[in-house]
There are 2 protein chains.
Amino acid sequence: MPLKQKLMTPGPTPVPPAVLAALAQPVVHHRTAEFRELLRRCLDRLAEVHRTEEPILLFGASGTGAMEGAVANLLSPGDRVLVVSAGNFGERWLKLTEAYGADVVPLRLEWGETPTADDVEAALADAGGAKAVFLTHSETSTGVVADVDAIAARIADSGAVTVVDAISSLGAVPLDTDAAGLDVVVSGSQKALMTPPGLATTAVSARALAASADARSPRFYFDWRATLDKLDGDAPTTPFTTPVSLVYGLDAALGLLLEEGLEAVFDRHVRLGRACRAGVKAMGLELFSPDEDRSAVVTAIRMPEGVDGADAIRIVRERHGITLEGGRGPLVGKIVRIGHIGYVDVFDVAAALTALEQAVAELGGEVERGAAASAALEAYGGEAVHA
Amino acid sequence: MPLKQKLMTPGPTPVPPAVLAALAQPVVHHRTAEFRELLRRCLDRLAEVHRTEEPILLFGASGTGAMEGAVANLLSPGDRVLVVSAGNFGERWLKLTEAYGADVVPLRLEWGETPTADDVEAALADAGGAKAVFLTHSETSTGVVADVDAIAARIADSGAVTVVDAISSLGAVPLDTDAAGLDVVVSGSQKALMTPPGLATTAVSARALAASADARSPRFYFDWRATLDKLDGDAPTTPFTTPVSLVYGLDAALGLLLEEGLEAVFDRHVRLGRACRAGVKAMGLELFSPDEDRSAVVTAIRMPEGVDGADAIRIVRERHGITLEGGRGPLVGKIVRIGHIGYVDVFDVAAALTALEQAVAELGGEVERGAAASAALEAYGGEAVHA
């Protein structure tokens, strides 16, 4: 038997069998009434997950495509913007805004730090006249989830548009698009939405749309206006050919997510995060990501002295079929990341922890053996079940 | 029983069951050795279909995304370009090059005309100093397939880069990327490559890559250099998350295509085109697309006086589950298009013809009844089979 594969990265994530089966349906044409009905339902479900009344735009792309779309639709060359970066995906906003010739004011924190509302408010005042602020909700390279609600509240009065990368957080961590005044929220299918990669979404507020009207950056495939014009009414479509198979999958996945209920889903993610952190602590390793409930997307674990994270990841993957992720940028080799979003249960987390424990021990790292899995189960909690 | 669906449009096209099954495999991470091996094979197979030694770049997008990529990677604002347009997809090149601020010289032909090498050579001389020429191999809005080999031969000496939209032709009609000197060839998964929509490809010559080095248009998701840098060697990957499920599908589809053999595939498409045209003529309707073997992608049929193509399409779809396409732009209502690329056999064509015949008759159009299907089978040909 080939190794059973466990995908424990913060994206792509494991896809439920019902979603995989939905992908295998015969392809329908994207201009038919049948597909328009599917798309309508899928967009409505996405809006429910976003907690927004604003339109959701769907693109055939990875999340980075929708990030580029946000930059291209909002900015003209020379526009001043504030970019908050404390990891790999904050750096992506920096590269993107620079590629489009913006006058970029970076607010760079150490990788692993959590940006605060005070940080952003001060930087915004210093920057002066920023047209937009680019934020990362869940920085998957470090495991930090920022309090974007609190941050957005400080941006609101400045007149700047708030743009949030919620690619790995949407559907895992609460996100109140409208209530928090998040003007642009970008996400992707392959994270907590439990769908294969290839679809990206963008929620756009009326304010953001107005700001985009005079933006002069060239855009076509990711053009908001063109996409919005095709969404009208009960029979929406897309300006270009949609990845219909992936939309089948996304619709099925959103159905599962909403059937469980958003609050239950968020609660499950909080408990999975607790379980993972409890396991890490039980084996005597140090957490790199914050030890807080909001950090419910990915847990980053500092490797003990003398252990290269890449070696641990290789062992875990080759021996047990479990895929984990390493560090990026300044964290290469120093951390191992366990993703726990989407179609993940506590035994997936326990398996990852136990396999990592074995690998670290084998590589000569100091680690407590045998305690992680049961610590994870205890921290996960749940009602006591008696016969 | 629900109606059996027959997707007879020039994209998306019917997907073989083996390809649908491949989509439903569990998702693997795009940075693993397993995925890199899959990607390597898939890119090699694409190169074989393109008949090129040049690298193939893969993007998670529809074909339009890769078209935009060609424009963004090649051009700076103000660059002079020649755009040949004789239909909806030629118009797309025009819109794209205009969106990027190029100095666009259009060579506009009537929708349905076939651009010739003489046309292009003369327009190129008039334009003076064009950096690139944008062509459409198969103009699916009209059914015309241009002789891009002959056209490219006249462009070569001018120093301009030849850019070809081969979205609906690749894998249906011969395309000799290297031999014909096609610098940039853009295609998509959902046409003759028999895969659901969501993947786009770009073959880039060394000359095109050199031309892109100093192009100043902003680009990120579709950046050639960034994509190419990840392709190196035996273990390629992509700069951003790949739609891995669609790559599984594309690899399976390319396997089927190459197993049949490129020449056999092209021959089948020629015969499907002949079959479709013979059927149209047998029912006494007029061809809008050229009556020639090269026109093997889609057959456009002029509706008789008093018949709106949209009505015929609706009847065929609602009664028989067959999806055809109508006219676009100036051809709305005037033509009906039957696609016959990819996973299509002569009975699919015969079914579409027979259903269309019935619908046209019902709408009061003059049409010969009962002759189309057998005429199609006769024209399709094949060896005589005796017991």
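In which helix of chain B is the place of G279(B)? G279(B) sits in helix 10 of chain B, and the views below start there. This is a predicted model, in which local features need pLDDT of at least 70, side-chain atom pairs count only at pLDDT 80 or more, and totals for chains, interfaces and linings use all residues. Residues are numbered from 1 along each chain as its sequence is written, while chains are lettered from A and ligands numbered from 1 in the order in which they are written.

**View 1. Helix 10 of chain B and its residue G279(B).** Helix 10 spans residues 262-282 of chain B, 21 residues in total. Helices (DSSP runs of H or I, at least four residues) and strands (DSSP runs of E, at least two) are numbered from the N terminus. From the first C-alpha of helix 10 to its last the reach is 30 Å, close to the 30 Å expected at 1.5 Å a residue; the expected span is 1.5 Å times one less than the number of residues. Helix 10 of chain B is mostly covered, with 15 of its 21 residues buried. A residue is buried if 20 or more other C-beta atoms lie within 10 Å of its own, exposed if 12 or fewer, and partly exposed in between, with C-beta atoms placed from the backbone. G279(B) counts as buried because it has 31 C-beta neighbours inside 10 Å. Its C-alpha is separated by 46 Å from that of L231(B), 48 residues apart along the chain. After helix 10 of chain B comes G284(B), whose phi is positive, near 75°.

**View 2. Strands 3 and 4 of chain B, with the helix between them.** Strand 3 (residues 80-85) and strand 4 (residues 103-108) of chain B run parallel and are joined by six bridges. Two strands pair if DSSP finds at least two bridges between them. To find your way, look for V84(B), whose bridge partner in strand 4 of chain B is L107(B). From strand 3 the chain crosses through helix 4 (residues 88-99) of chain B to strand 4, and this β-α-β crossover is right-handed: with the strands pointing away from the viewer, the path from the first strand over the helix to the second runs clockwise.

**View 3. Two helix pairs in chain B.** Two packed helices are described by the angle between their axes and the distance between the axes. Helix 5 (residues 117-127) and helix 6 (residues 148-155) of chain B pack at about 25°, with their axes 8 Å apart. That angle makes helix 5 of chain B roughly parallel to helix 6 of chain B. Axes are lines fitted to C-alpha atoms, for helices over the stretch in contact, and angles run from 0 to 180 degrees between N-to-C directions. Angles under 35 degrees count as roughly parallel, over 145 as roughly antiparallel, 65 to 115 as roughly perpendicular and the rest as oblique. Helix 3 (residues 63-74) of chain B packs against helix 4 of chain B at about 45°, with axes 10 Å apart, and these two helices are therefore oblique to each other. The crossing of helices 5 and 6 of chain B is right-handed, and helix 3 of chain B also passes helix 4 of chain B in a right-handed crossing. A crossing is left-handed if the near helix is turned anticlockwise from the far one by less than a right angle, and right-handed if clockwise.

**View 4. A four-stranded open sheet in chain A.** The strand order is 11-12-15-14, and the pairing is antiparallel. Strand 11 (286-287) and strand 14 (325-326) of chain A are the edges, each pairing on one side only. Strand 15 (residues 335-339) of chain A shares two bridges with strand 14 of chain A and five with strand 12 (residues 298-302) of chain A. Two landmarks help here: G326(A) has V336(A) as its bridge partner, and V298(A) stands opposite G339(A). Five of the five residues of strand 15 of chain A are buried, so this strand is largely enclosed by the rest of the structure. I335(A), R337(A) and G339(A) lie on one side, with V336(A) and I338(A) on the other.

**View 5. A seven-stranded open sheet in chain A.** Here the order is 2-10-9-8-5-3-4, and the pairing is mixed. The edge strands are strand 2 (56-60) and strand 4 (103-108) of chain A. From one strand to the next, the twist averages 20°.
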